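Hi,

Here is the structure I said I would pass on. Have a look at it first, and then read my notes underneath.

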Amino acid sequence: MEILKQDFVRSLPEIKKALLEADCISIDAEFTGLMTSGHHFQHSDDMNDRYRKMRQAAKEFSIIQYGVCAFKKVDDQHYTAKPFNFFIFGGDTEGMTSQRTFLSNASSLQFLREHKFDFNKLIDGGIPFYNYSETGIESKGYRGTTRTVINRQNHIDLDSLTKPQKKFLQTTRSNIDHWLQHGKARSPLLVQTNNSFIRRLLHQELQHPRYNGFLMAKSRDTKHMQIFKLSAEEKRDKTRRVYIKNELNFRVIIELIKSAECPIIVHNGVLDLCHTVDQFWQYLPEHLHEFKEIVTEMWPNIVDTKYMAEFHPRLKRCFDTTALLPLYNTIHDEMVASDIRIEMAPGYDRYTHDGESQHEAGFDAYMTGTIYLGFVRYILESEVKDNKEKTEDKEAVEDKKNPFLASTLTPYYNRLYQMRSDYPYLDLTGPEPTPVYDEPPNRLYLTGIPSGMQDVSIEALYPKLVPLDIHWVNSNNAWIVVKYDSNLPHVKEGKLGEEAIKHFLKGGEHEDAGSLLHITPEAANMELLSYGKWRTDPRFQAKPPVNDSSPVTNAENTTDDTDTTSTEVPESTTCTSDIE
């Protein structure tokens, strides 16, 4: 079911019913871009590095389509699905002025358009949104009218605070906690606020989800503010008075998913969750441990089907690929063969099972949920088959009552798959895993490339390794992926040497070709390294500058001509692996 701004409020009762009745809910998002320049994933990232890069991407790019699919069990062989496809656009509405910057990656928009994304529908019917961090940012408009102004620049970065400002915030939080916990909230809490910045900081603090919308501040005089705790009725009154903020706001959907108290399913969903938190819940915090607390408070049981497919002992050897569409096709065919039905509920017939709607967020959410249901059935049936003598014990009975919380499943919840990382997953509720240093033999690093050389130049100098995928780091360094394993015996690490280039130099039999390919004597010093040697060589482990936040705005603009020689390690020869 497609939901636009014009239908959103009218459709809320139906959406609410579907979500609150669901046994599990799957989500998927489409973005205006994936990663920003200088912040690409590297295998050598630790989890804090990786989080900073994802946080930067969430600050720059936006969700423009959000898929939610609610699944309900009818009986042991039958489920119903209710997929919703929401267009999301942070434009102006009555009572709300958006000063957001809309940034995009040209190749991402082209990719979406190739999959029939309707950008006119996005702008005309995209649902507005604002998160808790943006609540209460108001300004006086024409003739004294009050409008909510949404502008990320209005948000105060807590890590930029001075020591006195940080001390003020810590003291205020402590005073609020004491005031609330010791029954003193019937009288207002007086706070000294010496300037407009401190007043803004206090207003921002009171919008944090920890206070659940029950606190508000008013000025008493030029140097003091009073914090009041609202009663339940006063809070409802406030909600009714700011209709635009509480109904025509996509955050309502995120809150309903939280209220459903069921597993929330993603596929390779760490970026989906970062964007969801930042765009609809609150601005992403500076530190990873804070993000973990926020996302698990929002949705306590998150399941990443790509992580399960790669790491659950009953699944990890079952599939040739864990990309979304082929994984869905495999699971769907197996379920049909087992006479297990997942049917679209009446009125939700927008999608068929042929995969033509892939990369529409609603259908991708449906595929993700179908994969999860298939995994749950296979794992539990395998457990019963292998442990027949235990099927009558208490644990088995509990699992049967709520199969989605079975003990063989929950240890794999709240773990998010990590692409291109020595750390196999991000654990939302526990310590980080020990890094695993995989050394793929077909991924090689080529350094010392003379300026002016191109892909064809490298192919000419390494003909026994062709065909190659070449990923440029800058004009002098590149990753090389050898496509065919049969060519790996021809890999010779180290410097290329004069013998390999002499035919392309002056007087050689391929002199003309060498001139066209910009092959010079310096090419003899090009050095080929295995991934393992690259990972341990200090020349190539420099981190990209943290403050480099300029977004990639063109599909071709993916190289970096700066001095750094560290970049992401290519994971695959297909571009779709980045989003699967």
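**Around helix H11**

The buried residues of H11 pack against helix H2 (47–60), H9, helix H10 (270–281), strand S12 (302–304) and strand S15 (425–427). Keep in mind as you read that this is a predicted model. Helix H11 itself covers residues 288–298, and its buried positions are Leu288, Phe291, Lys292, Ile294, Val295, Thr296 and Met298. As a general point, an α-helix has 3.6 residues a turn, so residues three or four places apart point the same way.

One of H11's neighbours, helix H9 (residues 251–260), is mostly covered, with seven of its 10 residues buried. Those seven are Arg251, Val252, Ile253, Ile254, Leu256, Ile257 and Ala260. Right after H9 comes glutamate 261, which has a positive phi, near 55 degrees.

**The nonpolar cores**

Phe291 from H11 and Ile253 from H9 turn up again in the largest nonpolar core, which has 100 residues. They are among the residues with the most contacts inside this core, along with Ile25, Tyr66, Phe86, Phe250 and Trp299. Helix H14 (residues 361–386) gives the core its largest share, 11 residues.

Which residues does isoleucine 253 touch, leaving aside those up to four places away in sequence? They are Phe8, Leu12, Ile15, Leu19, Val68 and Phe86. Another core lies apart from the largest one; it has 23 residues, including Leu444, Leu488, Phe504 and Met526.

**A three-stranded sheet with helices on it**

Now for the sheets. Three strands make an open, antiparallel sheet in the order S8-S10-S9. Strands S8 (189–192) and S9 (215–221) are at the edges with a single partner strand each, so one side of each has no neighbour in the sheet. From one strand to the next, the twist averages 30 degrees.

S9 pairs with strand S10 (residues 224–229) in the antiparallel sense over six bridges. If you want a pair to click on, aspartate 221 has histidine 224 in S10 as its bridge partner.

Two helices to look at here are H5 and H6. Helix H6 (residues 196–206) packs on the sheet and touches S8, S9 and S10, with its direction at about 160 degrees to that of S9. Helix H5 (residues 163–181) lies across S8, S9 and S10 and runs at about 175 degrees to S8.

**A five-stranded sheet further along**

Which order do the strands of the five-stranded open sheet follow? It goes S17-S18-S16-S20-S19, with antiparallel pairing. The edge strands are S17 (468–474) and S19, and each of them pairs on one side only.

Strand S20 (residues 527–530) is a good place to start looking. S20 pairs with strand S16 (residues 443–447) over four bridges, in the antiparallel sense. Within that pairing, threonine 447 stands opposite glutamate 527. S20 also pairs with strand S19 (residues 494–495), again antiparallel, over two bridges. There, glycine 494 has leucine 528 as its bridge partner.

Happy to go through any of this with you.

Cheers

Technical notes. Residues numbered from 1 in each chain as written. Predicted model: local features only at pLDDT ≥ 70, side-chain atom pairs only at ≥ 80, totals over all residues. Heavy atoms only, no water. Pairing = 2+ DSSP bridges. Buried < 20%, exposed > 50% of the residue type's maximum accessible area, 1.4 Å probe, protein only. Axes fitted to C-alpha atoms, helices over the stretch in contact; angles between N-to-C directions. Contact = heavy atoms within 4.5 Å. Core = buried A, V, L, I, M, F, W, Y, C linked by side-chain atoms within 4.5 Å.
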